[in-house]
Amino acid sequence: MLKVLFAAPDGLWDDYKDHLPDAFVAAGVEVDLARDHAAADVDYIIYAPHDGLTDFAPFTRCKAVLSLWAGVERIVTNTTLTQPLAKMVNPDLTQGMIEWVTGHVLRHHLGMDRHITDQSGCWVQDAPPLAKDRPLTVLGLGSLGTACAQALAGIGFSVTGWSRTAKDVPGITCQSGDEGLYRALQDAQMVVLLLPDTAATQNILNAETLALLAKGAFVINPGRGPLIDDDALIDALDRGQIAHATLDVFRVEPLPQDHPYWAHPQVTVTPHIAAETRPETAAMEVAKNIARSEKDQTLLNLVDRSSGY
Ligand code: NDP
Ligand code: OXD
């Protein structure tokens with residue numbers, strides 16, 4: 001019987017302990033699931049960032065580490081981790097992100113705040129443009145970025161997407177590489193960040209790249225905090241180069257109470273809730289991947305250590 005270690009914060013054990021056994025049965029693998037297997041006995045590790053497990057070296061027979069998170073920046077740089085690492089991709093996670101991104105894009109596109117907060121009796125007919133006249137850029141065309149880009153294009157937005165490698169996504173103008181970044185950001189009225197946090201993506205939105213956007217553009221970041229140079233963003237907000245930033249992720253989480261983002265009138269903070277990994281379907285993904293590994297099939301959603309995601 002396979003020994004699977006659940007190495008994640010306490011609260012997640014409560015969420016997963018009933019779903020995982022059912023998922024293993026459905027995937028046809030016999031598993032002894034526990035939080036306290038001896039390291040040398042462990043076949044697979046189900047992992048979410050926490051302080052309890054930082055040294056992977058003693059897990060000598062472990063065949064793979066399966067992340068419950070899509071973003072793997074807190075584990076991929078761990079030099080003791082030599083086992084294959086799979087990130088979380090899951091339809092519920094993707095759907096959650098589509099809903100969060102679409103909602104916040106439409107809020108800004110339609111100028112909803114003005115009408116929600118101003119009910120003073122002043123009748124000013126300032127209709128928003130149609131989505132097709134609102135150039136919008138999604139940075140990152142992975143599982144989440146592509147799904148969001150296509151959902152927004154489906155509403156009618158004129159969507160450009162940017163990725164590391166060249167892509168061809170129906171309905172999306174695709175750009176890649178350094179030059180592509182400039183083309184993707186130039187005159188964009190909204191930018192959605194769905195990049196991983198790697199050495200190559202940190203501060204990708206900085207004073208120089210923010211200046212490429214159309215004046216009064218909107219920034220929406222459900223990716224990771226370090227993608228944005230915070231000082232440059234606040235400066236761009238104060239100067240009106242950026243009209244509003246909706247931010248779900250931060251360099252330090254929870255976002256400290258005295259962080260300027262909380263008090264800034266043109267910033268909306270949401271507490272890292274854009275897309276949540278749902279235990280029932282995430283358990284199925286993990287079990288499916290372990291079953292694949294046991295059949296000597298390549299793991300799905302393998303992290304490439306050299307690119308860091
Ligand atoms: P993927 O790994 O599937 O996709 C990442 C995308 O970013 C790919 O298109 C990749 O390009 C692109 N990329 C990476 N590095 C670069 C670079 N240097 N230059 C240009 N493009 C680059 O990730 P997901 O779509 O699954 O998730 C994206 C991120 O969303 C996660 O890493 C995580 O940080 C965040 N997230 C946030 C959540 C929240 O609740 N706020 C929930 C879940 C995820 P290429 O296609 O060429 O490889
Ligand atoms: C994730 C996240 O990476 O929740 O899954 O941010």
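Is Arg-61 buried, partly exposed or exposed? Arg-61 counts as partly exposed, at 46% relative accessibility, where buried means under 20% relative accessible area, exposed over 50%, and partly exposed in between (1.4 Å probe, protein chains only). A word on the ground rules: this is a predicted model, in which local features need pLDDT of at least 70, side-chain atom pairs count only at pLDDT 80 or more, and totals for chains, interfaces and linings use all residues. Residues are numbered from 1 along each chain as its sequence is written, chains are lettered from A and ligands numbered from 1 in the order in which they are written, and side-chain values use heavy atoms, with hydrogens and water left out.

**Salt bridges**

A search of the whole structure finds 12 salt bridges, each a side-chain nitrogen of Lys or Arg within 4 Å of a carboxyl oxygen of Asp or Glu. Here are some of them.

| Pair | Closest N to O distance |
|---|---|
| Asp-32 and Lys-3 | 3.1 Å |
| Asp-10 and Arg-35 | 2.7 Å |
| Arg-61 and Asp-43 | 2.7 Å |

Asp-32 sits in strand β2 (residues 31-34) and Lys-3 in strand β1 (residues 2-7), so their bridge ties together parts that are 29 residues apart in sequence. Helices (H or I, at least four residues) and strands (E, at least two) are DSSP runs, numbered from the N terminus. Asp-10 is exposed, with a relative accessible area of 56%, while its partner Arg-35 is partly exposed at 34%. As for Asp-43, the partner of Arg-61, that residue is buried with a relative accessible area of 2%.

**Around ligand 2**

Now to the ligand. Trp-69, Ala-70, Gly-71, Arg-224, His-272, Ala-275 and Thr-277 surround ligand 2, each having a heavy atom within 4 Å of it. Oxygen from ligand 2 comes to 2.6 Å from an N or O atom in the side chain of His-272. For the side chain of Arg-224, the distance from a ligand 2 oxygen to an N or O atom is 2.8 Å. The protein buries 86% of the 200 Å² that ligand 2 exposes when taken alone; such areas come from the Shrake-Rupley method with a 1.4 Å probe, and for residues only the protein chains shown count as cover.

**A buried glutamine**

Finally, Gln-241 lies in the loop between α9 (230-238) and β11 (242-247). Gln-241 is buried at 9% relative accessibility, and its side chain reaches the backbone oxygen of Leu-213 at 2.9 Å.

Key. A polar contact is a pair of N or O atoms within 3.5 Å; within protein, one must be able to donate a hydrogen and the other to accept it, and residues adjacent in sequence count only if both atoms are side-chain atoms.
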